[in-house]
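Me: I have a structure here and some questions about its terms. Please take me through them.

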Amino acid sequence: MEVSGADTDGHEFKNAEEMWMEQVGNPTKRTQWYREGLGYWQGLDASVDGVLGGYGYVNDTDIMGSEVFLKSILAERFPFAGKDRPLVALDCGSGIGRVTKNLLIRYFNEVDLVEPVSHFLEAARQSLAPENNGASDVHKPANFFCVPLQEFTPDAGRYDVIWVQWCIGHLTDDDFISFFRRAKLGLKAGGIFILKENIAKSGFILDKEDRSITRSDVYYKDLFHHCGLYAYKSRDQTGFPEELFPVKMYALTTEAPNRISRTKREQTK
């Protein structure tokens with residue numbers, strides 16, 4: 001990706017390739033990248049404030065923004081959901097189950113969670129237990145996978161929506177592309193990805209503390225192209241403190257735009 005960037009120490013890179021070569025240019029460095037990133041989160045509390053980096057108070061605003069976006073997609077893509085077949089979602093980088101409990105489980109009959117930090121996932125399991133008002137017979141968590149995304153492969157054809165929020169920055173570009181190519185096979189026909197992430201104003205910013213990268217909108221769109229994904233719609237998150245990165249939501253499909261338009265027309269007949 002021919003975009004310049006910098007790390008949190010102010011060191012500048014002429015392009016992403018230079019940065020990735022420095023950070024993960026051999027197997028030892030790549031292993032260290034993921035080990036240190038995981039270690040950062042392993043040292044944090046399994047709480048809303050912990051998983052949101054001390055900004056737990058933005059939780060409600062985040063969920064409200066996500067719900068508006070999700071509802072618009074469900075209405076357009078799955079108008080007969082719940083009548084003919086149950087809806088199933090995958091929550092990637094699920095943490096303590098914050099998004100699943102506050103949002104996904106209200107709209108999907110089953111939600112699988114994938115999270116590499118074991119004490120986060122255990123907190124999610126407890127939070128989503130029926131006795132904690134986290135689930136019902138028709139809206140429930142189904143599977144808890146303690147696996148990092150760069151090693152995760154979903155079951156084929158299981159998911160209507162794969163939700164990816166505030167975690168994909170930990171994947172290198174190569175692993176980003178590899179993950180989405182594998183994950184595409186986990187979507188049902190007509191299924192969709194929803195990616196919600198921090199956005200750099202330009203280029204990228206490398207966080208050396210937690211081993212993550214914040215990409216620009218242009219950077220993401222280039223990666224989507226390499227993944228074979230198409231933008232169905234996008235929306236900016238509003239209401240966050242000014243000191244935080246801008247946040248954007250992308251709905252991504254495996255269908256080219258002309259195919260999507262044709263599908264919409266057919267559904268209205």
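Me: What phi does Gly228 take just after H8?

Reply: Gly228 takes a positive phi of about 75 degrees. H8 is a helix, meaning a DSSP run of H or I with at least four residues, numbered from the N terminus; strands are E runs of at least two. This is a predicted model: local features need pLDDT of at least 70, side-chain atom pairs count only at pLDDT 80 or more, and totals for chains, interfaces and linings use all residues. Residues are numbered from 1 along each chain as its sequence is written, and side-chain values use heavy atoms, with hydrogens and water left out.

Me: Which residues of helix H8 are called buried?

Reply: Tyr219, Tyr220, Leu223, Phe224 and Cys227. Buried means under 20% relative accessible area, exposed over 50%, partly exposed in between (1.4 Å probe, protein chains only).

Me: Why do the buried residues line one face of H8?

Reply: Seen down the axis of H8, they fall within an arc of 140 degrees, so they line one face. The arc is that of the directions from the helix axis to the C-beta atoms. The face turned away carries exposed Val218 and His225.

Me: What makes S6 mostly covered?

Reply: In strand S6 (residues 159–165), 7 of its 7 residues are buried.

Me: How do you know that S6 and S7 pair?

Reply: Pairing needs at least two bridges found by DSSP. S6 and S7 have 6 bridges and run parallel, so by that definition they pair. The chain crosses from S6 through H7 to S7 in a right-handed β-α-β crossover. Right-handed means that, with the strands pointing away from the viewer, the path from the first strand over the helix to the second runs clockwise.
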